[in-house]
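Me: Please pick one part of this structure and take a close look at it with me. I'd like to know what surrounds it and what its neighbours are up to.

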Amino acid sequence: MSAVERLDLNDFEANFSASTVTELSSVALGGRIVAVSDEFFAEAFHLLLVEVPAPSLKGQFGPNGALYSGWETRRHNPDHDWCIIQLGTTGSITGFDVDTANFNGNEAPAASIHALYDADLKDPTPDDARWTEILPKTDLGPNSRHLFKIPPTLCYNYVILRMYPDGGIARFRVYGQVLPVHPSSNNLFDLAHVFAGGRVLRVSDQHFGVGTNLILPGRGINMGDGWETKRSRSKGHNDWVVIQLGAPGELTEVELDTHHFLGNFPESCEIYALSTPDGDNWNEALADHSKWTMILPRTKLGPHRQHFFELDNVENRTYTHVKVIIFPDGGLKRIRIMGRKVDEPVASSSRSTLPTLIPTPSMSDPQSQIFVIPVVPLTAEEFAPFGQVIQAYSPAHPARKVIKVTPANGGTAEKFHKLSLPISTYPPEAGASVGISVYRCEPLTDISDGITVLRTLERHPFTNQAFIPMGSGSGEGLEDPANSYLVVVAHNGSNDRPDMTTLKAFVANTSQGISYNAGVWHQPMTVLGKPLDLACVENQIGDGNKMDCEILDLDPASTYILKFTQ
């Protein structure tokens, strides 16, 4: 590997700030330790911990010796030790931070880094022939951070860190550009999501929690993995964040999540959007408020809940940046900007062009392709193009305005009307009638570390089909969080086969039922965690054995990887 540049720590922000690159190895994205040669003194999982700098554990001892927040192997290795890491998402690598904090006299004297891409996410071994050197063996020093910048690589999803001959490394970061995951322009998705190539460009303040957390997968575990500003003491104060969307898009709605923020949520918010053909112009526009279009007027927020808002001034308009203003201060967990991608070129020096992702040599078909589909929590809004979500709603998750809600049972219940209606296009002579069946489903076994592969889709051209969870097959209740199920859908294409550019994947909990629209391609019912019974409401002919079910095994030349985001 040529043109490796060793950077001074003062150059970190200019080269590895969140506004220009993403920490691909982050555990928040799903980065993990795959395998390690030795971790006698300190376990390798410390390498990926968010905590920086690594704390000193001086004077503390365990059964094997002194304790360190880092990875430390035993002495006298004749050659080298190694650690294999799966990146949180596939991307092009541009640099590293190899930190030997608190290791002084027992630090790793030198290190090298290799990378590979595996389409099936099958964990590689240290002697895999596909490893490509991206950082040659380089000297390290004690108790210091070592920053390396390299020319952008091809896209990879695994790295192996080798240290020579042994010793300790406290933290290890891999920086680069995310390989964006975008559905077709007809499909709604979160344009701000990190996996879509979204990026937090600037924030007014991030005293307690950094702005880049706002576009991470999932809903996090506590206030620490959200964005939180300090308390303001001046009248009229507000804080703000600017997000560059992963692609230009026509926006539809926004989700603002104050999960875990109970007494420190913002009082209200406003949202503005900007369309610029040049990614650098947003910086200039930041100082000129007139260039931004208000898409959500000032709106009250509440604690510890997901807020869904329909946007104004978005019809037939394309935007590239969003600015969220909070009043007067506080914390947000996540921001989701829902919209449809607009396929138009955007010249931008800040929006990176990734090197081509090439098929791996292990694939028999040189034309084969790999697609990573994020599995996101099921919501009625995102599922709407494919069917309906059948569920009750709470004040924290209010029902959409189109749903009629009335008191029932003498005021002891609420009724959510007509969430889904049975529909049939069978000819009258077929004698179809509505029936309720029960599917007892065993859990998916072909899943590892939140990854599975889509192999089959089916559709029902004549009737819609509703599935409603009833409880586990063992008789346990719905409250068990291990009961959930996978929902994968796609529209029909012009060739009367699934249009895989519209493919979307969701995880549903057992308080949610689903109804597939007639003709929508979907994965056969797939249960996660534990066995689950589901009632199926559908139109049937005769005894139900004559079904309009068409099953399609997917072409192995293209691999569709389903990756759970939380």
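**A strand covered on both sides**

Reply: Let's go for strand β18, which is covered on both of its faces: S268, E270, Y272 and L274 are buried on one side, and C269, I271 and A273 are buried on the other. Buried means under 20% relative accessible area, exposed means over 50%, and partly exposed is in between (1.4 Å probe, protein chains only). β18 runs over residues 268–274, and seven of its seven residues are buried. Strands here are DSSP runs of type E with at least two residues, numbered from the N terminus.

A quick word on what you're looking at: this is a predicted model, where local features need pLDDT of at least 70 and side-chain atom pairs count only at pLDDT 80 or more, while totals for chains, interfaces and linings use all residues. Residues are numbered from 1 along each chain as its sequence is written, and side-chain values use heavy atoms, with hydrogens and water left out.

Now, who pairs with β18? Strands of a sheet pair through backbone hydrogen bonds, either parallel or antiparallel. Two strands count as paired if DSSP finds at least two bridges between them. One partner of β18 is β19 (residues 293–300), joined in the antiparallel sense over five bridges. If you want to find that pairing on screen, look for A273, whose bridge partner in β19 is T293. Another partner is β21 (residues 319–327), also antiparallel, this time over seven bridges. Here you can start from L274, which stands opposite H321 in β21.

Let's stay with β19 for a moment, and pick out T299, which is found in that strand. Leaving aside neighbours within four places in sequence, T299 is in contact (heavy atoms within 4.5 Å) with E267, S268, C269 and F309. Two of those names should ring a bell: S268 and C269 belong to opposite faces of β18.

E267 is worth following too. Its side chain meets the side chain of K300 in a salt bridge, 2.6 Å from N to O. (A salt bridge is a side-chain nitrogen of Lys or Arg within 4 Å of a carboxyl oxygen of Asp or Glu.) E267 lies in the loop between β17 and β18 while K300 sits in β19, so the pair ties together parts that are 33 residues apart in sequence. How open are the two ends? E267 counts as partly exposed because its relative accessibility is 28%, whereas K300, at 61%, counts as exposed.

Step back along the chain and you meet another pair: the side chains of D257 and R219 form a salt bridge with an N to O distance of 2.7 Å. This one links distant parts of the chain, with D257 in strand β17 (residues 239–257) and R219 in the loop between β15 (199–203) and β16 (227–228), 38 residues apart. D257 counts as buried because its relative accessibility is 0%, while R219 counts as partly exposed at 21%.

How many salt bridges are there in the whole structure? There are 18. Among them is the one between D128 and R130, at 3.0 Å from N to O.

For a last glance beyond β18, try the open sheet of five strands in the order β25-β34-β31-β37-β28, with antiparallel pairing. Its edge strands are β25 (387–390) and β28 (432–441), each pairing on one side only. β28 pairs with β37 (residues 532–541) over 10 bridges, in the antiparallel sense, and V434 has N539 in β37 as its bridge partner.

Notes: Helices (H or I, at least four residues) and strands (E, at least two) are DSSP runs, numbered from the N terminus.
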